[in-house]
Amino acid sequence: MPHVLLLGGTSGASQLAQALHRAGIAAVFSYAGVTRAPVAQPLPTRVGGFGGAEGLAQFLRAQAISHVVDATHPFAAQMSRNACAACAATGTPLLALERAPWQPQAGERWVDVPDMAAAATALPQAPARVFLAVGRKQLDAFASQPQHHYLLRLVDAPAPGSLPLPRTSVVLGRGPFSAADDAALLRTHGIEWLVAKNAGGEATRGKLDAARGLGLPVVMVQRPGLPDRPRTESVQAVLHWVAHGALPGEPPSMP
């Protein structure tokens, strides 16, 4: 019988957890533990790291995991690399549930950059009001540009004095966010620039639509490179893969 390890951290992971539960497939949901109050899941859950690729390989063996689904955030590169290494070491099938990256649309003003350090230097030298939609763990890169006022949208309230940026406004919220809501947010705070990670998907695309409607430039941080691995955007395709050893349209794996 299958026993799936689901590496979570995205809305797709939550959708897959629901689907695995409804299908009666044994699975464990793993959280990184960054968010204080993660969305409740219908599966047994564990929180925290595994101790690198070796620790993850030990977990796969100890728990008799038959399949690993990497549904972490596209920018959780180290976890994804560890999953690739651990699955290769143990011979465990691995599939990424990963949304396609966004592509610039007509009327959007993107500045593509490879990482957060480049994103910080892509901002203007003159003080500006910047919506920094990159997550709390990435803020240190922008400490080199303290002249800007940064708008941060976080899931959890930061502890007093914990932010590395001297000029910030913080709003709390958990997506999805509509383009109308994000346009109102940008107007209210007088935002002139948007910095975003190319996460893909619809849940957080509203800020891009809002920026396009307001004519704002977007500094778009592209995804880190990862080892080649099978991937799909479909929850149903993951269920097919668990049941048949192959994605829909592919020949089934040999027993």
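How many cavities of 30 Å³ or more does a search of the whole structure find? One. Please keep in mind while reading that this is a predicted model. Here are my notes, point by point.

1. **The cavity.** The one cavity found in the search of the whole structure has a volume of about 40 Å³. Its lining is made up of D70, A71, T72, H73, P74, S80, E98, L226 and R229. By residue class, that lining divides into three nonpolar, three polar and three charged residues.

2. **The second largest pocket.** This pocket holds about 160 Å³ of space. Among the residues that line the pocket are P74, E98, L226 and R229, and these four names also appear in the lining of the largest cavity. The pocket lining is completed by R223, P224, G225, P227, D228 and R231. Here the classes divide into four nonpolar, one polar and five charged residues.

3. **A salt bridge by the cavity.** You will find ten salt bridges in the structure. One of them joins R229 to E98, with the closest N and O atoms 2.8 Å apart. R229 sits in the loop between strand 11 and strand 12 (231-232), while E98 sits in the loop between strand 5 (94-97) and strand 6, so this pair ties together parts that are 131 residues apart in sequence. Both partners belong to the lining of the largest cavity, and both also line the second largest pocket.

4. **The sheet that holds strand 1.** Six strands make an open sheet in the order 3-2-1-4-5-12, and their pairing is parallel. Which strands stand at its edges? They are strand 3 (45-47) and strand 12; each has a single partner strand, so one side of each is left without a neighbour in the sheet. Strand 2 (residues 26-31) pairs with strand 3 in the parallel sense, over three bridges, and within this pairing F29 stands opposite T45. Helix 3 (residues 77-90) packs on the sheet, touching strand 1 (3-7), strand 4 (67-70) and strand 5. The direction of helix 3 makes about 160° with that of strand 5.

5. **The sheet that holds strand 7.** Another open sheet of six strands runs in the order 6-11-10-7-8-9, again with parallel pairing. Its edge strands are strand 6 (109-113) and strand 9 (168-172), each pairing on one side only. On average, neighbouring strands of this sheet are turned by 20° against each other, direction ignored.

6. **Pairing around strand 8.** Strand 7 (residues 129-133) and strand 8 (residues 149-154) pair in the parallel sense over three bridges. Here R129 stands opposite H149, and V130 stands opposite Y150. As general background, side chains in a regular strand alternate between the two faces of the sheet. With strand 9, strand 8 pairs in the parallel sense over five bridges; L151 has S169 as its bridge partner there.

7. **Helices on this sheet.** Which strands does helix 6 (residues 206-214) touch as it packs on the sheet? They are strand 6, strand 7, strand 10 (193-197) and strand 11 (217-221), and the direction of helix 6 makes about 155° with that of strand 10. Helix 5 (residues 179-188) packs on the sheet too, touching strand 7, strand 8 and strand 9. The direction of helix 5 makes about 150° with that of strand 8.

8. **A loop contact worth a look.** G201 is placed in the loop between strand 10 and helix 6. Its C-alpha atom is separated by 7.4 Å from that of P101, although G201 and P101 are 100 residues apart along the chain. Leaving out residues up to four places away in sequence, G201 touches R99, A100 and W102.

Conventions
Residues numbered from 1 in each chain as written. Predicted model: local features only at pLDDT ≥ 70, side-chain atom pairs only at ≥ 80, totals over all residues. Heavy atoms only, no water. 1 Å grid on protein atoms, 1.4 Å probe; cavity = no way out; pocket = protein on both sides within 12 Å on 5 of 7 lines; lining within 4 Å. Points joined across faces, edges and corners; volume = space filled by probe spheres on them. Nonpolar A, V, L, I, M, F, W, Y, C, P; charged D, E, K, R; others polar. Pairing = 2+ DSSP bridges. Helix = DSSP H or I, 4+ residues; strand = E, 2+ residues; numbered from the N terminus. Axes fitted to C-alpha atoms, helices over the stretch in contact; angles between N-to-C directions. Contact = heavy atoms within 4.5 Å. Salt bridge = Lys/Arg side-chain N within 4 Å of Asp/Glu carboxyl O.
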